[in-house]
Amino acid sequence: MADHLRADAEDITIRPAQPTTITEAWERLAAVDVRVFAVCGARGGADHLWVCRRIPCEVQNGEFATSPGAHYPDFNDSATFEAAARGSLGRHVL
C-alpha cells in the first residue's frame, strides 16, 4: 500500500504509474506448472471474485478458497485466511 499511495516532498499525492497491459494472460495460464492457491474475500467486487475463481481452474494445479466476511482476507479476516492457507499447504508435499 505504501507504493500505491505515495506523496512528494510537499505531501501532494503522486498518481500511480499507468499499468502495463498484459496480453494473452488467460491463454498462458495453462503453462503455469506451479501450484496456485487463490483466496478471495466474498465482499470483494464481482470482477475480483470471478478472476480469483477462474485462475485456479486454468492452471495445472490450482485451488480456490473464499473468506465470507472479508474484502481483503489476509487483512480483514486473517484467521480464516491462515486456516485456508495451512489447509492447502497440509494437502501437499513441499
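How many aromatic pairs does the protein hold by the ring-centre rule? The count comes to 2 aromatic pairs. Rings of Phe, Tyr and Trp (its six-membered ring) pair if their centres lie within 6.5 Å; planes under 30 degrees apart count as stacked, over 60 as edge-to-face and the rest as tilted.

The structure is a predicted model, in which local features need pLDDT of at least 70, side-chain atom pairs count only at pLDDT 80 or more, and totals for chains, interfaces and linings use all residues. Residues are numbered from 1 along each chain as its sequence is written, and side-chain values use heavy atoms, with hydrogens and water left out.

## The two aromatic pairs

By the rule above, the count is 2 aromatic pairs. In one of them, the ring centres of Trp26 and Trp50 are 5.5 Å apart and the planes stand at 70°, so the pair is edge-to-face. This pair links distant parts of the chain: Trp26 sits in helix α1 and Trp50 in helix α2 (residues 46-58), 24 residues apart. Trp26 has a relative accessible area of 28%, so this residue is partly exposed. Trp50 is partly exposed too, because its relative accessibility is 49%. Buried means under 20% relative accessible area, exposed over 50%, and partly exposed in between (1.4 Å probe, protein chains only).

Tyr72 and Phe75 also form an edge-to-face pair, with 6.3 Å from centre to centre and 80° between the planes. Tyr72 is partly exposed, with a relative accessible area of 46%. Phe75 reaches 62% and is therefore exposed.

## Overall build

The protein has 4 helices and 4 strands. Along the sequence they follow the pattern β-β-α-β-α-β-α-α. Helices (H or I, at least four residues) and strands (E, at least two) are DSSP runs, numbered from the N terminus.

The radius of gyration is 17 Å, whereas a compact globule of 94 residues would have one near 12 Å. This radius is taken over C-alpha atoms, and the globule rule is 2.2 Å times the number of residues to the power 0.38. Along the principal axes, the C-alpha atoms fill a box of roughly 50 × 35 × 30 Å.

Buried residues make up 19% of the 94 residues. The accessible surface comes to about 7,300 Å², and carbon and sulfur atoms account for 56% of that surface. These areas come from the Shrake-Rupley method with a 1.4 Å probe; for residues, only the protein chains shown count as cover.

Of the contacts between residues at least 6 apart in sequence, 63% join residues at least 24 apart. Contact means heavy atoms within 4.5 Å.

The protein carries 9 positive and 13 negative charges, and their mean positions are 6 Å apart. Lys and Arg count as positive and Asp and Glu as negative; His and the chain ends are not counted. The place of a charge is taken as NZ of Lys, CZ of Arg, CG of Asp or CD of Glu.

## Acidic residues in loops

The table places three residues.

| Residue | Loop | Relative accessibility |
|---|---|---|
| Asp11 | between β1 (6-7) and β2 | 64%, exposed |
| Glu24 | between β2 (13-14) and α1 | 54%, exposed |
| Asp33 | between α1 (25-28) and β3 (36-41) | 63%, exposed |

Asp11 has a positive phi of about 65°, although it is not a glycine. Glu24 has a positive phi as well, of about 55°, and is not a glycine either.

Distances add to the picture. Asp33 and Gln60 lie 27 residues apart in sequence, with their C-alpha atoms 6.2 Å apart in space. Glu24 and Glu63 are 39 residues apart along the chain, and 22 Å separates their C-alpha atoms.

## A residue in strand β4

Thr66 is found in strand β4 (residues 62-67). Its relative accessible area is 36%, so Thr66 is partly exposed. Which residues does Thr66 contact, leaving aside its neighbours within four places in sequence? They are Cys40, Gly41, Ala42 and Thr80. Thr66 and Val39 are 27 residues apart in sequence, and their C-alpha atoms are 5.4 Å apart in space.
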